[in-house]
Amino acid sequence: MKYLLLCSFFFLSVTTFAQSKLYGYIELRGSVDLLGNISLDPLDAVQKETTPTDTLIDYGKINAIINRHRAPIKVLNALSELGWELITTTQVASDKDQRPNAPFLLYYLKKEYLISRSKN
């Protein structure tokens, strides 16, 4: 029994130390026209500060999905097939009096990456 617990602890600790979780976050911006139609803007791949997770995100593939599927719900469904989760959606009105003067929507998505560490 002692050896079983020792072996179980060993295998659990090896898998825990061998993999690291990184989370990638993206922000999709959509604008709303007068008829209420939402159009998503392509992602901007150039960022001020890049993190190691930013190199894992395939901006070209996400922009191709945005260009192929114009409706936001179809884009979100296609991104969820790639492992992206919708965290939150926010509507931002550009007018301080809450009038619908070119509002836009923000979709925040998250994806979990498992990185295997090599022990030398």
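Which side chain of opposite charge is nearest to Lys-111, and how far away is Asp-58 from Lys-111?

## A buried lysine

The nearest side chain of opposite charge is that of Asp-58, 8.5 Å away, and Lys-111 is buried without a salt bridge. Here buried means under 20% relative accessible area, exposed means over 50%, and partly exposed lies in between (1.4 Å probe, protein chains only). Lys and Arg count as positive, Asp and Glu as negative, while His and the chain ends are not counted. A salt bridge needs a side-chain nitrogen of Lys or Arg within 4 Å of a carboxyl oxygen of Asp or Glu.

Let us look at what does surround this lysine. Lys-111 sits in strand E4, which spans residues 104–116. A polar atom of its side chain lies 3.0 Å from the backbone oxygen of Leu-82. Apart from neighbours within four places in sequence, Lys-111 is in contact (heavy atoms within 4.5 Å) with Leu-22, Tyr-23, Gly-24, Leu-82, Gly-83 and Trp-84.

## The model and its fold

You are looking at a predicted model, in which local features need pLDDT of at least 70, side-chain atom pairs count only at pLDDT 80 or more, and totals for chains, interfaces and linings use all residues. Residues are numbered from 1 along each chain as its sequence is written, and side-chain values use heavy atoms, with hydrogens and water left out.

The chain has three helices and four strands, in the order α-β-β-α-α-β-β from the N terminus. These elements are DSSP runs numbered from the N terminus: helices (H or I) have at least four residues and strands (E) at least two. Of the 120 residues, 25% count as buried. Among contacts with a separation of 6 or more, 61% come from residues 24 or more positions apart.

## The nonpolar core

In soluble globular proteins, nonpolar side chains tend to be buried together. In this chain, the largest nonpolar core has 18 residues, and Leu-28, Ile-62, Leu-79, Trp-84 and Leu-109 have the most contacts inside it. Strand E1 (19–32), helix H2 (59–68), helix H3 (72–81) and E4 each supply at least two of its residues. Such a core is a set of buried Ala, Val, Leu, Ile, Met, Phe, Trp, Tyr and Cys residues joined through side-chain atoms within 4.5 Å.

Leu-109 shows how these parts meet. Beyond four places in sequence, its contacts include Leu-28, Leu-76, Leu-79, Trp-84 and Ile-87. Glu-85 is also in contact with Leu-109, along with Tyr-108 and Lys-110, again leaving out residues up to four places away. Glu-85 belongs to strand E3 (residues 85–92) and is partly exposed, with a relative accessible area of 45%. Its C-alpha is 9.5 Å from that of Tyr-25, although the two are 60 residues apart in sequence.

## A buried asparagine and a salt bridge

Helix H2 also holds Asn-63, which is buried at a relative accessible area of 17%. A polar atom of the Asn-63 side chain lies 2.6 Å from the backbone nitrogen of Leu-43. Not counting neighbours within four places, Asn-63 is in contact with Pro-42 and Leu-43.

Side chains of opposite charge can pair when their charged atoms come close. The structure holds one salt bridge: Arg-29 pairs with Glu-27, with 3.0 Å between the closest N and O atoms. Arg-29 is partly exposed at 39% relative accessibility, and Glu-27 is partly exposed at 30%.

Conventions. Polar contact = N/O pair within 3.5 Å; in protein donor to acceptor, adjacent residues only side chain to side chain.
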